[in-house]
Amino acid sequence: MSWGPEQQQGYGYGQQPQPQPYGRQQPQPQSYGRQQPQSQSYGGQQPLPQPYGQQYPPQYGQQPHGQGYVQPGPYEQQWQQAPAQPEAVAVAVTSTVQTDPVPAAPEAEAPAPERAAATPDGPEGATSGADAPAPRPKAKAGGRDRYFDALRAVALVRVVTYHTFGWAWAGLVFPSMGVMFALAGTLMAKSLERPALKVVKSRMRRLLPPFWFWGVFVVLAMMIHGWMPGWEIVYWIVPVGDPPGNAWGSQAYEILWYLRTYLWFVWLSPVLLWVFRKAPIPVLLLSLVPIVVFQFGWQPPWNRFGSALTDIATYLFCWLVGFAHREGVLQRLKPAAVVALSLAALAYGGWYAFAHQGEFGTYDLDEIPLAQAFWSAGFVTLLMYFKAYYDVDFAWLARFKRLDRIVTIFNGRAVTIYLWHEIALILAVPLIDQFWKVPAFEKWLPLESQWFMFGIGWVLIWIAVPLVGWVEDVAAKKKPKLLP
């Protein structure tokens, strides 16, 4: 969401901005001190620059795409059937499909475990006999692919970090939302081996109850603070468009663009996968055309429809590269071609962001859809191709029990972390204000440091995980647990 120079951002304290109906806003750093009691605002008091110049339409001023994500997806490891040995019978080991914790992603769904059939050309055969190699250490989480789990966990950490510090360069280091949509695309392609209608219903069932549970608190809080809902409250039931609200709650519900985009990808996936299978490489490359057209040709309207259309075009390539990984398309490509095209996409996206800083007011990819699309496309393609070509699974995480456990919690509660992290950061502000009233805290704690706020935010997030995370289990028709 973009605001003019005369407006400022607030987190329920102090001067509140006049909300724009659509788009994403760029979080700004904030500071704390005695001179900033209850009235201080999250993001500081500095006005945000208009991210778009006169040559660029306002519909591209959207909420940061780096908020995220949640929609991750399950991925399956297949093991090679070894030929029969005279002294022993080869055993084909199948692994359980990992669950997908959010949208996408997000990327937060977790389908019931399924068995993957062993394939003769699988990369990792489990053999027996004197010449059998030592098996790789496997993650204890039921055979989940820890490479994808680790990517999802890093993406969520990056989202919280970005919303705390507002670093414009964070998206260049790790484009979280592009990664989340790619992981969700892989999951969706796998799931669509079953009837499409059943898959779509399952995705909605797993995503909407946690969203409704979270939304009850946000909607009631906004109504207490003067919001009068109209017919558009239906978007709080099924977020096909950006849900409405007032300025008081805008900081909390701005992240819903990701859930909305994920749902649209889920609904479109049966057709997208059918088209993709007809001509995988041409369709993958042509998926970047819509965002180019929106930038240099037809411009989507400034409304819910235009906002959703822009986000779909921005991350369409990432979703389809997830298809390409699942369908085995990436494995067939030559490394030189993949690396060259990926680096070209990265170069163009980075160049466009820095070359148009004056027009957009920043080089933050979340404010520049075209740059975000190309940078994410190049970055995600390299990550997915690395996985496909080298068969990386990060099974070594099982040797580090605490780290492996943290990764498991992140993936099992991805929707919870994504939805509640902004509220945690909001609540951190008045909590830190109270710390100033304690002389010992004032003297010994770095209350003015954003890193301190970052730490308080994570404490509140970890409180929310067992407190409300069980809703994800209920949505998945599993026995509720405090921790996954």
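This presentation looks at two helix pairings and four individual residues in a predicted model.

Let us begin with helix α12, which covers residues 369-390. One of its partners is helix α8, residues 289-296. Where the two pack, their axes are 9 Å apart and the angle is about 160°. Angles over 145 degrees count as roughly antiparallel, so α8 is roughly antiparallel to α12. The handedness of this crossing is left-handed. Which residues form the contact? On the α8 side they are Ile291, Val292, Gln295 and Phe296, and they meet Pro369, Leu370, Ala373 and Phe374 in α12. By class, that contact comprises 7 nonpolar residues and 1 polar residue, with no charged residue.

A second partner of α12 is helix α1, residues 146-165. The axes of α1 and α12 come within 11 Å of each other and cross at roughly 160°. This pair, α1 and α12, is therefore roughly antiparallel as well. Is the crossing of α1 and α12 left-handed or right-handed? The crossing is right-handed. From α1, the residues Tyr147, Phe148 and Leu151 meet Leu383, Met384, Phe386 and Lys387 of α12. In the contact of α1 with α12 there are 6 nonpolar residues, no polar ones and 1 charged one.

We remain with α12 for the next residue, Ala388, which has its place in that helix. Is Ala388 buried or exposed? Its relative accessible area is 14%, and the limit for buried is under 20%, so Ala388 counts as buried. Setting aside residues up to four places away in sequence, Ala388 touches His325, Leu330 and Gln331. Of these, Gln331 lies 57 residues from Ala388 along the chain, yet their C-alpha atoms are separated by 5.6 Å.

I turn now to Arg326, which is placed in helix α9, residues 304-326. With a relative accessible area of 23%, Arg326 is partly exposed. How far apart are Arg326 and Met188 in space? From C-alpha to C-alpha the separation is 9.1 Å, while in sequence Arg326 and Met188 are 138 residues apart.

A further arginine, Arg205, belongs to helix α4, residues 196-224. Arg205 is partly exposed, and its relative accessible area is 29%. Which residues does Arg205 touch, not counting those up to four places away in sequence? They are Ala475, Ala476 and Lys477. Another residue to note here is Glu472, whose C-alpha is 9.9 Å from that of Arg205, although 267 residues separate Arg205 and Glu472 in sequence.

The last residue is His356, and its setting is a loop. That loop runs between α10 (335-355) and α11 (357-360). Despite this loop position, His356 counts as buried, because its relative accessibility is 18%. What lies 2.9 Å from a polar atom of the side chain of His356? The backbone oxygen of Tyr352 does. Leaving out residues up to four places away in sequence, His356 touches Trp351 and Thr362.

To close, I return to α12. Helix α12 is roughly antiparallel to α8, and α1 and α12 are likewise roughly antiparallel to each other. The α8 crossing is left-handed, whereas the α1 crossing is right-handed. Among the single residues, Ala388 is buried and His356 counts as buried, while Arg326 is partly exposed and Arg205 is partly exposed too.

Notes. Residues are numbered from 1 along each chain as its sequence is written. This is a predicted model: local features need pLDDT of at least 70, side-chain atom pairs count only at pLDDT 80 or more; totals for chains, interfaces and linings use all residues. Side-chain values use heavy atoms; hydrogens and water are left out. Helices (H or I, at least four residues) and strands (E, at least two) are DSSP runs, numbered from the N terminus. Buried means under 20% relative accessible area, exposed over 50%, partly exposed in between (1.4 Å probe, protein chains only). A polar contact is a pair of N or O atoms within 3.5 Å; within protein, one must be able to donate a hydrogen and the other to accept it, and residues adjacent in sequence count only if both atoms are side-chain atoms. Contact means heavy atoms within 4.5 Å. Axes are lines fitted to C-alpha atoms, for helices over the stretch in contact, and angles run from 0 to 180 degrees between N-to-C directions. Angles under 35 degrees count as roughly parallel, over 145 as roughly antiparallel, 65 to 115 as roughly perpendicular and the rest as oblique. A crossing is left-handed if the near helix is turned anticlockwise from the far one by less than a right angle, and right-handed if clockwise. Ala, Val, Leu, Ile, Met, Phe, Trp, Tyr, Cys and Pro count as nonpolar, Asp, Glu, Lys and Arg as charged, and the others, Gly among them, as polar.
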